[in-house]
Amino acid sequence: MAEAIIAGMVKMQIVKPDSISATNRSNPVRLNQLADAHGIQADPALKYRYIQEADILILAMKPKDIKNTVEEIGEYTTKDHVVVSVAAGIKTETISGLLGHEAPIVRTMPNTSALVGQSATGLCGGKTAQEEHIEVTSKIFESIGSVFRIPEENMDALTAVSGSGPAFFYYFVEAMLDGAKSVGLEEGLAKELVLQTMLGATSMLMQSGKEPSELREAICSPGGTTLAGLDVLQSHSLNDTVKACVEAATKRAVELGKMNA
Ligand SMILES: NC(=O)C1=CN([C@@H]2O[C@H](COP(=O)(O)OP(=O)(O)OC[C@H]3O[C@@H](n4cnc5c(N)ncnc54)[C@H](OP(=O)(O)O)[C@@H]3O)[C@@H](O)[C@H]2O)C=CC1
Ligand SMILES: O=C(O)[C@@H]1CCC=N1
């Protein structure tokens, strides 16, 4: 996620590359790669200086690493830093408590489509975050796609729908490819057909102004092929399965927040 955000900011020229610095826990080779690829600063020896001199700190480690990291960097931060987190489930009040001061916290949830500038990022501000802090964070995430400002109480649900969502979609694509193979289509052709079909269907959803159910019904000829296929999806309760999938992912985001508070 960190590299996607860096690449977006550099590509959209919202900040000069040498104004961005990156650190990690233990991988200098990776930092060198980031410096070479994006022209940013990434000298592991300067980690704490980077933090002290930064206006905005983006925490892009796993939820389990947030506690140690924030405790580690707490003394190098002040209430004038804007602290942005991308960690699933972690509440703004958890980060505030770990920092031990009143720095504004902005919690975000991008997705991996950031790598192609198409993230759907949700974000919300913590107690001390002002409009200017939300705006500057929005600007960063607009460089990797669309931004949706929502109340924090909906962040775990958004994490399931749009943070994890690409994986659920890819799983459906994998299933379509398996289906194409079982009815005899060559793998390369099947992939091209499925991807163009998904792209076309998504474009229809975004451009037609019609509901998904309306677009679906328009494809179903009475006694035709589409209804024959949809009957199978319905008899296997696809709707209930996907609903349970989104609920399980949301529940896990809540658990991650509690486990790492
Ligand atoms: N992957 C996804 O689809 C999405 C992930 N997220 C969230 O983004 C976060 C990162 O995920 P992802 O990019 O996949 O994870 P990665 O494992 O790829 O990256 C995590 C990074 O955090 C670094 N790190 C760990 N501890 C510290 C520390 N104390 N100081 C500095 N850096 C540290 C690691 O460094 P090192 O390698 O040296 O250990 C590593 O570079 C997670 O919280 C996840 O919930 C959000 C949206 C989507
Ligand atoms: O699976 C995860 O926990 C992270 C958060 C959203 C996408 N990946």
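A residue counts as lying around a ligand here if its C-beta atom, placed from the backbone, is within 6 Å of that molecule. With that cut-off in mind, and remembering that the model on screen is a predicted one, select ligand 2 as the opening stop: the residues around ligand 2 are Ala 88, Thr 159, Gly 163 and Ser 164. By class, this shell divides into one nonpolar residue, three polar residues and no charged ones.

Keep Ala 88 selected and go on to ligand 1, since Ala 88 belongs to the shell of ligand 2 and is also listed, with Asn 24, Arg 25, Met 61 and Ala 87, among the residues that come nearest to ligand 1. The shell around ligand 1 holds 22 residues, and these comprise nine nonpolar, nine polar and four charged residues. Which helix should be coloured to show the largest share of this shell? Colour helix 4, residues 63–73, which contributes five residues to the surroundings of ligand 1.

From helix 4, extend the selection to helix 5, residues 92–99; the axes of these two helices come within 8 Å and cross at roughly 35°, and the crossing is right-handed. At the contact, display the side chains of Lys 67, Val 70 and Glu 71 in helix 4, which meet Ile 95, Leu 98 and Leu 99 in helix 5. The residues of this contact divide into four nonpolar, no polar and two charged.

Next, return to Thr 159, which was part of the shell around ligand 2 and is also one of the helix 7 residues that meet helix 12. Select helix 7, residues 155–163, together with helix 12, residues 238–259, and look along their axes, which come within 8 Å of each other and cross at roughly 130°. Because of that angle, helix 7 is oblique to helix 12, and helix 7 passes helix 12 in a right-handed crossing. On the helix 7 side, show Asp 156, Ala 157, Thr 159, Ala 160 and Val 161, and on the helix 12 side Val 246, Ala 249, Thr 250, Ala 253, Val 254 and Gly 257, which they meet. By class, this contact has seven nonpolar, three polar and one charged residues.

Finally, zoom out and colour the chain by its domain assignment, which gives domain 1 as 2–159 and domain 2 as 165–257. The centres of the two domains, taken over C-alpha atoms, are separated by 33 Å, and their contact takes 11 residues from domain 1 and seven residues from domain 2. Which helix gives the most to the side of domain 1 that touches domain 2? Helix 7 does, with three residues. The residues on that side of domain 1 divide into four nonpolar, five polar and two charged.

Note on methods:
Residues numbered from 1 in each chain as written. Chains lettered and ligands numbered in written order. Predicted model: local features only at pLDDT ≥ 70, side-chain atom pairs only at ≥ 80, totals over all residues. Helix = DSSP H or I, 4+ residues; strand = E, 2+ residues; numbered from the N terminus. Nonpolar A, V, L, I, M, F, W, Y, C, P; charged D, E, K, R; others polar. Axes fitted to C-alpha atoms, helices over the stretch in contact; angles between N-to-C directions. Parallel < 35°, antiparallel > 145°, perpendicular 65-115°, else oblique. Left-handed = near helix turned anticlockwise from the far one by under 90°. Contact = placed C-beta atoms within 7 Å. Domains from an automatic or database assignment.
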